[in-house]
Amino acid sequence: MDRLLASSASAQEATRRAIRGKRSGEGPRVRFGTDRAGMNAAARSESLTIGAVSRPTRRIRSIVFDTAVDDLGKQNILLRGYEMHGAAFVELSWARAATPGGARGSIELRVPSLEVGKMLGFSEPLRRSIANRPLEARSVAETERRERVLERAHTRIAVCFDDGFVECGGRRSDFHEIELQLLEGAEEEFWTVAAELAPRAKARFLPMSEVELALARATGAGVAPVKARRPTLAADASLDEAIVTALSACLDQFVANWPALQSHAPEEAIHQMRVALRRLRAGVGMLRRGVVSEALEAAAVGARDISATLGAARNLDVLVDLLVAGPLAQANGEPRFYALLDAAERRRIEAHAAVAALVAAPATTQFVIDLRAALAAKAWRPPSGDATQQRSAFDPSAPGTAKSFAMRSLDRLHRRALKKSRDLAALTPDQRHQARIAFKKARYAAEFFESLFGAHAKARRYLRRTAALQDKLGAVNDLTVAAELLRGLGEADADLAPASAFAIGWCAHARAGAAVDWKKTERSLKTLETFWR
């Protein structure tokens, strides 16, 4: 797509001239949503007024275009036109398939007008990509933007206050959003400003703007859940670099799934958010042998608390699916089994509402911003004291320290997982659960550090086999948790007790049948080849 949309030298030169306000090496951005009172409080706050230079207010009209059959959306292309100060511009962005992390390419051009009939005149490749079908306005947004440039020591931060509305699919939504972008200077200072702003404005972190969400709702495409992104590290990376890269990937996955809660697959979004926080907690736990950090420990506590709400919802998702596929399929239309399913579904709806409230809560936004600030500041230090005198000389900022730390950590976690899984067939359900946790920690560490060793084929085999074991152990644990939930439903409503007892028995039978191949699984673990030695 890059080559097609900027195929000629003249088009590329026009693009470079037309790009407005774009800078090479742009710093991080963060967007918050709030209400009118929060917007006013933010605008008056010392954090955003001292050392700030205001710019004239701008009124922006923005239109997102596509065909009636979503040709551009299906190709992950966004065509947006906007008018400002009497001038019209077109911004075209598209996914770069070969770029990790969902990065997008983009071009921006000045055009005579935003008339639909003239929108394709600047790009013959784009015209071909939609088979010459006509474009139409899919969403229209009107924004009043107030801008400031905040200067703190050697740091410059752009601040935008956006008040407006978006009309999309016959629905109008008002929005109040604040965006910060680091123009120059220290990223640590940028996140400090964000951390000061969020509680004052009672703001919530926005992975996507209201305009983008409205368009996703109107087109019916929704927002897809986001899986974990494996960190990429240079062979000589420092432990500092590894910490920032690995934990940032966990945080990215967590917040990227917030919009998907409002789409077609909230169950998968909840699962992915929970995975992200489990990975984060596992990473912090592993790092305790390399660094000491109050900020990372606080993040682990916050992740644990958030995970409790996510876990309750996820367990009910699993229970409902299990009831439909298992006991309910054998119920022969017995009404009490459908009543049991209805009760589980009601609890699941309540749990999903609790997740939505959690994501919208200021404390969750503060958790995200505080961890971003800690990673930007590298808020950790090597361990010290007599018991760790040898390690106290360990400098996490030194080149190559990530690899040496990774080897020690992977050795330890792998040995612990093998020890926990000895004699799998004879282990109690709780012991198998502990073995699953141990392998999960080993696998997460392997994913964090895989890129340091270059043995991609061996790493893939290791990850594939440990994931398969996790799945087997996880299926058994799901049955145990489901039985506990079913028992609670039966105790809460006597009318549900017979169906609940039958379903609990079904879970016990399925759990016993799953123990058949544990010895074979244990033998295969003895041949599990590591990739870091």
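Q: How many helices and strands does the chain have?
A: This is a predicted model, and its single list of elements can be read together with the burial of the chain. Buried residues make up 47% of the 533 residues. As for the elements themselves, the chain has 19 helices and nine strands.

Q: What percentage of the contacts between residues at least 6 apart in sequence join residues at least 24 apart?
A: The count takes in contacts in the chain between residues at least 6 apart in sequence. Among these, the share that joins residues at least 24 apart is 73%.

Q: Which strand pairs with β6 over 14 bridges?
A: Strand β6, residues 136-152, pairs in the antiparallel sense with strand β2, residues 52-66, over 13 bridges, and in that pairing Ile63 stands opposite Val140 of β6. A further antiparallel pairing of β6 has 14 bridges, and there Ser139 has Cys168 as its bridge partner. The strand that contains Cys168 and pairs with β6 over 14 bridges is β7.

Q: Which residue takes a positive phi in the hairpin of β6 and β7?
A: The hairpin leaves two residues between its strands. A positive phi near 50° is found there at Ala153.

Q: Is Cys168 buried or exposed?
A: A residue counts as buried when its relative accessible area is under 20%. Cys168 has a relative accessibility of 6%, and Cys507 has a relative accessible area of 0%, so both fall under that cut-off. A search of the whole structure finds zero disulfides. Cys168 is therefore buried.

Q: How far apart are the end C-alpha atoms of helix α15?
A: Helix α15 runs over the 20 residues 401-420, and at 1.5 Å a residue it should span 28 Å. The distance in the model agrees with this expectation, because the end C-alpha atoms are 29 Å apart.

Q: Which helices are included in what covers the buried residues of α15?
A: The buried residues of α15 include Phe405, Leu410, Leu413 and His414, and also Asp411. What covers the buried residues of this helix includes α9 (239-256), α10 (266-287), α16 (429-449) and α17 (456-492).

Q: Which residues are the closest to the centre of the second largest pocket?
A: The second largest pocket has a volume of about 1,400 Å³, and 46 residues line it. Helices α10, α11 (294-325), α15, α16 and α17 each supply at least two residues of that lining. Of the lining residues, the closest to the centre are Arg278, Arg436, Lys440, Tyr444 and Gln470.

Notes
Residues are numbered from 1 along each chain as its sequence is written. This is a predicted model: local features need pLDDT of at least 70, side-chain atom pairs count only at pLDDT 80 or more; totals for chains, interfaces and linings use all residues. Side-chain values use heavy atoms; hydrogens and water are left out. Two strands pair if DSSP finds at least two bridges between them. Helices (H or I, at least four residues) and strands (E, at least two) are DSSP runs, numbered from the N terminus. The expected span of a helix is 1.5 Å times one less than its number of residues. Buried means under 20% relative accessible area, exposed over 50%, partly exposed in between (1.4 Å probe, protein chains only). Contact means heavy atoms within 4.5 Å. A disulfide is a pair of cysteine sulfur atoms within 2.5 Å. On a 1 Å grid over the protein atoms alone, a cavity is a set of points where a 1.4 Å probe fits but cannot get out, and a pocket is an open set with protein on both sides within 12 Å along at least five of seven lines; lining residues have an atom within 4 Å of a point. Grid points are joined across faces, edges and corners, and a volume is the space filled by probe spheres set on the points.
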